[in-house]
Each structure stands twice: as C-alpha cells, then as structure tokens.
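Please open the model in your viewer and keep the selection box handy. We will go from the whole chain down to single residues, one stop at a time.

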Amino acid sequence: MKPNSKILIIAGSDSSGGAGVQADIKTVTALGSYAMTAITAVTSQNTTGVKSIVAVPSREISKQIEFTSKDIKPHAIKIGMLHSAEVINAVLKSLNKISVKKIILDPVMIAKGGTKLIDNRSIKILKSKLIKKVSLITPNIPETEILTKKKIFSVDDMISAAKILIDFGAKNVLIKGGHLKSRIMYDIFISKNEMSVFKNKKIYTKNTHGTGCTLSSAIATYYSCGKTLKKSCEMAIKYVNHSIGTEPNYGKGHGPINHLSTININKKFR
Ligand SMILES: Nc1ncnc2c1ncn2[C@@H]1O[C@H](COP(=O)(O)OP(=O)(O)OP(=O)(O)O)[C@@H](O)[C@H]1O
Ligand SMILES: [Mg+2]
C-alpha cells in the first residue's frame with residue numbers, strides 16, 4: 001500500500017520504543033500513514049524508569065517543524081510533550097507559519113511515576129494559548145485535574161471537567177480514563193454540542209507504557225484521513241485496546257503495547 005496521509009509528530013523520544021516519538025511513528029505507520037517528526041527532547045529510559053532527559057533547544061524544534069512542513073505538508077499534527085514555556089511559544093509561532101488545521105494535543109505533564117514534567121508557567125501558556133489553537137486536547141485524569149484545579153473521582157467529575165476545558169476555549173476534549181479506579185475504562189469526548197462516553201473493559205496488565213501517546217497519534221491519523229473527530233477517537237481507542245490486549249510483555253517494568261496489532265506481513269516478505 002501507499003500511505004493514506006502525512007502526519008507531523010512534535011514530541012520527545014523514548015529510547016525504549018514504547019512511548020514518545022517512537023510509539024507515535026509506529027502508530028502512524030501501523031494505521032497506514034506517513035510519519036514525520038520534530039523531536040523536543042531525548043530521553044534515556046527503559047520499562048523501569050527514566051534515566052535522563054535532554055531538551056532540544058526551541059529554535060531547533062521550530063526548524064524541524066517549519067523546514068519539514070515546507071517540503072512535505074502534513075495533513076495533521078500530533079503534539080506530545082512540550083517541556084517549557086519557551087518551547088510552547090516557539091511551537092505556537094511555527095504552527096501559525098505552516099497553517100495546518102488538524103492538530104491533536106496530548107498535554108503530557110506527568111510521568112507514569114507521578115513526577116510533574118512541566119512547570120507552572122508552561123501550564124499557564126498551554127491553558128491560555130495552546131488549547132485554543134488545537135482541534136482536540138487529550139488529557140489524562142491527573143493532567144485534567146491540574147488544568148481545571150478540580151479533583152476527579154467519577155465519570156460525572158470527568159464530564160464536568162471536560163466542560164470546564166471547553167469553557168477555557170478548547171474546541172474538543174477527550175478525557176482519558178486510564179487512571180480512574182474502575183473495572184471499566186471510560187473515555188469522555190466533548191465538543192460544544194455533543195458528548196460521547198466510550199467504554200471498554202479494563203485489561204489487567206502492567207504493560208501499558210505509551211497508551212496515551214499511541215492514542216493521540218492514532219486519533220491524528222484517522223482524523224487526517226477524513227474521519228470526524230468523534231469517530232477518530234472511537235477508532236483510536238479500539239486500536240489502543242487491541243494493542244494492550246496483545247502486548248508482547250517486554251522488559252521488567254511497565255512494558256510496551258503491541259503497535260503491530262493491525263499488521264499482516266505480505267507472504268513475499270516473510
Ligand atoms: N488497563 C487498560 N485496559 C484497557 N484500556 C486502557 C487501560 N489503560 C489505559 N487504557 C486506555 O488507554 C488510553 C490511554 O489512557 P491513559 O489514561 O492510560 O492515558 P495516559 O495516562 O496519557 O497514558 P500514558 O501513561 O501513556 O501517558 C485510553 O483510551 C484508556 O481508556
Ligand atoms: Mg499521557
């Protein structure tokens with residue numbers, strides 16, 4: 001097959017391959033599209049934790065976005081971790097220059113272990129400027145709590161929080177429910193005039209590294225191919241669920257999911 005669309009990923013690298021840019025490229029590829037990248041940080045990590053993070057200077061991030069897009073124009077953009085206010089401002093400026101309309105923002109703020117990854121100034125700019133610029137924001141529960149300053153214990157709390165984000169100026173919101181203490185996983189999609197609650201049975205496994213990165217890249221891919229945002233969320237959730245269900249169980253800690261869950265290799269190449 002030939003790629004169905006072109007996606008630009010703006011995110012940090014994960015040397016262990018389960019999350020970050022590596023997960024994003026695998027997701028976009030496994031769903032039939034062409035992936036390009038602007039790397040915001042380089043991490044040394046494995047399934048047991050993060051050893052170090054080296055930030056890429058913001059002017060280099062801008063160059064990657066602008067120089068790449070000038071030549072191969074993306075149909076959609078996925079944004080992952082932006083670690084400082086300076087980087088967020090640089091990305092905003094570059095986004096204005098390249099004028100791509102379909103943008104999915106995964107507002108990564110907290111590492112799996114609970115460490116806050118970005119400072120308060122970055123959170124302020126993300127809230128006041130970046131969320132208004134993007135088509136969809138996909139916070140998990142702890143990130144939603146930081147953005148709305150409200151605690152979340154239930155699906156009703158998730159819905160109220162999503163409405164607050166819409167009041168802040170977000171066009172569409174998907175609150176991911178992976179962190180809710182529940183046997184059912186609830187993901188809430190809200191726009192100004194519609195709401196959907198996606199439900200799935202929780203899969204009991206320690207191997208869920210990169211579910212959030214994978215989900216937002218999958219949404220960007222489906223959306224770039226012309227599906228509605230709601231449909232893109234529904235299909236992306238299905239892909240993540242199937243990929244968790246077939247995880248390869250690599251590493252001693254929180255291992256990766258199976259990004260290849262959609263792929264059948266042609267007989268000629270086996
Ligand atoms: N154990 C699980 N079983 C089934 N679905 C899950 C499980 N954990 C997460 N999900 C699904 O994975 C998607 C990502 O949600 P999650 O809340 O884990 O994002 P996240 O916290 O941003 O992930 P990450 O740890 O990669 O940052 C959601 O659709 C959620 O419902
Ligand atoms: Mg996440």
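**The whole chain.** Start with a cartoon view of this predicted model. Eight helices and nine strands make up the secondary structure of the chain. The radius of gyration is 17 Å, close to the 18 Å that the globule rule gives for 270 residues, so the chain is as compact as a globular protein of that length. Turn the C-alpha trace along its principal axes, and the spans are about 55 × 45 × 40 Å. Of the 270 residues, 47% are buried. Now think about how the contacts are spread along the sequence: among those between residues at least 6 apart, 69% join residues at least 24 apart.

**The nonpolar core.** In soluble globular proteins, nonpolar side chains tend to be buried together. Here, the largest nonpolar core has 66 residues. Select Ile10, Val91, Ile104, Ile219 and Ala236, the members with the most contacts inside this core. Which helix gives the core its largest share? That is H8, with seven residues. Stay with Ala236 for a moment and show what is around this residue. Setting aside residues up to four places away in sequence, Ala236 touches Leu215, Ala218, Ile219 and Tyr222.

**The ligand.** Next, select ligand 1 and the 22 residues around it. Which of these come nearest? They are Asn140, Lys176, Gly178, Met185 and Gly212. Colour the shell by class and you should find eight nonpolar, ten polar and four charged residues. Then highlight strand S8 (184-191), helix H7 (211-224) and helix H8 (229-245), as each of them supplies at least two residues of this shell. H8 has thus turned up at two stops, with its seven core residues and its part in the ligand shell.

**A hairpin.** Move on to strand S2 (residues 34-46) and strand S3 (residues 49-55). Do these two run parallel or antiparallel? They run antiparallel, and six bridges join them. To see one of the pairings, select Gln45 and look across to S3, where its bridge partner is Val50. Follow the backbone from S2 to S3 and you pass through the two residues of the hairpin connection. While you have the side chains on display, keep a general pattern in mind: in a regular strand they alternate between the two faces of the sheet.

**Leu92 on helix H3.** Select Leu92, which is found in helix H3 (residues 85-98). Why is this leucine classed as partly exposed? Leu92 has 14 C-beta neighbours inside 10 Å, and a residue would need 20 or more to be buried, or 12 or fewer to be exposed. Leaving aside neighbours within four places in sequence, Leu92 is in contact with Lys129, Leu130 and Lys133. Add Ser62 to the selection as well: Leu92 and Ser62 are 30 residues apart in sequence, and their C-alpha atoms are 9.3 Å apart in space.

**Two residues with positive phi.** For the next stop, go to Ser99, in the loop between H3 and strand S5 (102-105). Phi of Ser99 is near 40°, a positive value in a residue other than glycine. Ser99 is exposed, with 8 other C-beta atoms within 10 Å.

Finish at Asn249, in the segment after H8. What is the phi value there? Phi of Asn249 is near 60°, again positive in a residue other than glycine. With 10 other C-beta atoms within 10 Å, Asn249 is exposed.

Definitions and conventions. Residues numbered from 1 in each chain as written. Chains lettered and ligands numbered in written order. Predicted model: local features only at pLDDT ≥ 70, side-chain atom pairs only at ≥ 80, totals over all residues. Near = placed C-beta within 6 Å. Helix = DSSP H or I, 4+ residues; strand = E, 2+ residues; numbered from the N terminus. Nonpolar A, V, L, I, M, F, W, Y, C, P; charged D, E, K, R; others polar. Core = buried A, V, L, I, M, F, W, Y, C linked by C-beta atoms within 7 Å. Contact = placed C-beta atoms within 7 Å. Rg over C-alpha atoms; globule rule 2.2 N^0.38 Å. Pairing = 2+ DSSP bridges.
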